[in-house]
Amino acid sequence: MAIAATAKLQEQFDAGLETRPDFTIDQPLERYGAVDHAVWDQLYRRQMALLEGRACEAFIEGAQRIGLNVAHVPDFEAVSERLMAATGWRIVAVPGLVPDRIFFEHLAHRRFPVTWWMRRPDQLDYLQEPDCFHDLFGHVPLLTDPVFADAIHAYGRAALAVDERALPLLARLYWYTVEFGLMRDTSGDASGETRATHGVKIYGAGIVSSKGESLYSVESDSPNRLAFDLERVLRTRYRIDTFQKTYFVIDSFAQLFDALGAGMAAHLADPAPLIAVEPYTAGDVLHGDTVYTRGTGEGWLEGGDV
Ligand code: HBI
Ligand code: FE
């Protein structure tokens with residue numbers, strides 16, 4: 001992660017984007033062209049139409065509250081003002097993925113790093129590394145929810161305290177919650193209109209910023225959907241090249257807060273036992289799992305677990 005980040009950073013440094021020691025930059029508003037604004041507008045409208053009834057209410061409300069419903073790439077300072085009023089968080093512009101410790105340092109100070117550049121039109125449906133749409137649309141709306149915001153803050157603080165060897169375990173926990181997490185659908189939508197089947201709603205940034213996975217994660221019969229369990233997730237490998245084989249489902253953001261803060265700190269105080277055991281594969285279903293839906297595994301690719 002850090003090496004790729006450096007290559008990307010070098011490329012942008014060469015392009016005249018001065019990066020501060022904490023890897024932040026001023027959002028280069030003058031560098032956005034009409035195509036960038038059109039890509040934001042198209043992605044925002046398409047995803048919000050898809051997510052109605054599939055994403056948790058806190059996400060839908062948060063996106064509007066911080067002013068993302070605009071036809072151009074949002075001004076980060078304007079977003080930060082609204083976010084600050086809600087939960088004391090703000091966003092900082094970065095050239096792309098930054099080294100782990102820098103990332104955790106920002107989270108520990110209620111600053112969320114947001115990549116400044118937009119993907120190209122030919123990358124509309126997928127790109128490997130996070131762009132402005134993934135970071136800003138995917139990650140920032142839920143930071144208006146006080147409990148979720150405290151959970152991310154606790155994760156940043158706890159992450160700074162863990163041993164370097166535990167970073168792969170941290171990444172699994174972040175991946176199966178903040179990036180690809182689902183939560184129980186407690187909306188009790190009387191009208192039954194909610195489109196999310198399997199009784200779950202989306203909260204993960206990697207899902208909400210992806211057209212295909214916004215549908216697949218809540219409606220496909222292919223993936224497993226298991227009750228979230230901290231140790232199980234710390235031991236489970238994941239996929240970065242396909243939709244997830246397994247989604248872990250939380251009951252509430254309060255549960256996430258407990259897991260990302262005190263829970264993680266307790267489990268990783270001495271990471272040796274968790275590092276020593278053979279991890280589970282992304283598609284495993286174990287005897288001890290609480291299984292909401294056991295996936296058919298249709299379309300899964302072998303190998304490739306991280
Ligand atoms: N950098 N800009 C950015 N965004 C991330 O999500 C990010 C990062 N660096 C490291 C990192 N994430 C990982 O540590 C987490 O995914 C665990
Ligand atoms: Fe992300």
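These legends go with close-up views of a predicted model.

**View 1. The iron ion and its protein donors.** Three residues hold out donor atoms to the iron ion (ligand 2): His134 and His139, each through NE2, and Glu179 through OE. These donors sit 2.0 to 2.1 Å from the iron. Read along the sequence, the donor residues follow the spacing H-x4-H-x39-E. As for the two histidines, His134 and His139 are both buried.

**View 2. Ligand 1 and its surroundings.** Ligand 1 takes up the space of the largest pocket. Around ligand 1 you'll find Val94, Gly96, Leu97, Val98, Asp100, Phe103, Phe104, Tyr155 and Tyr174. Helix H5, residues 100–108, is the top contributor to this shell, supplying three residues.

**View 3. Polar contacts to ligand 1.** Backbone and side-chain atoms both show up here. A nitrogen atom of ligand 1 is 3.0 Å from a backbone N or O atom of Gly96, and a polar backbone atom of Val98 lies 2.7 Å from a nitrogen atom of the ligand. Asp100 joins in with its side chain, where an N or O atom is 2.7 Å from an oxygen atom of ligand 1. On its own, ligand 1 has 390 Å² of accessible area, and the protein covers 93% of that.

**View 4. Helix H8, tucked inside.** Helix H8 spans residues 167–179, and because eleven of its 13 residues are buried, the rest of the structure largely encloses it. Among the buried ones are Leu167, Leu169, Leu170, Arg172, Leu173, Trp175, Tyr176, Thr177 and Val178. Two more buried H8 residues, Tyr174 and Glu179, have already turned up in other views: Tyr174 is one of the residues around ligand 1, and Glu179 is one of the iron donors.

**View 5. The loop between H1 and H2.** Pro21 lies in the loop that links helix H1 (2–14) to helix H2 (34–51). Pro21 counts as exposed because its relative accessibility is 78%. Phe23 belongs to the loop between H1 and H2 too, but Phe23 is buried, at 18% relative accessible area. The backbone of Phe23 has a phi near 70°, positive even though the residue isn't a glycine. Looking further afield, Pro21 and Pro223 are 202 residues apart along the chain, with 41 Å between their C-alpha atoms.

**View 6. Arg110, another positive phi.** Arg110 sits in the loop between H5 and strand E2 (111–115). Its phi is about 55°, a positive value for a residue that is not a glycine. For context, most residues other than glycine have a negative phi.

Technical notes. Residues numbered from 1 in each chain as written. Chains lettered and ligands numbered in written order. Predicted model: local features only at pLDDT ≥ 70, side-chain atom pairs only at ≥ 80, totals over all residues. Heavy atoms only, no water. Donors = N, O, S within 2.8 Å, 3.2 Å for Na, K, Ca; no water. Buried < 20%, exposed > 50% of the residue type's maximum accessible area, 1.4 Å probe, protein only. Near = heavy atom within 4 Å. Polar contact = N/O pair within 3.5 Å; in protein donor to acceptor, adjacent residues only side chain to side chain. Areas by Shrake-Rupley, 256 points an atom, 1.4 Å probe, with all protein chains shown as cover. 1 Å grid on protein atoms, 1.4 Å probe; cavity = no way out; pocket = protein on both sides within 12 Å on 5 of 7 lines; lining within 4 Å. Sits in = over half its atoms within 2 Å of the grid points. Helix = DSSP H or I, 4+ residues; strand = E, 2+ residues; numbered from the N terminus.
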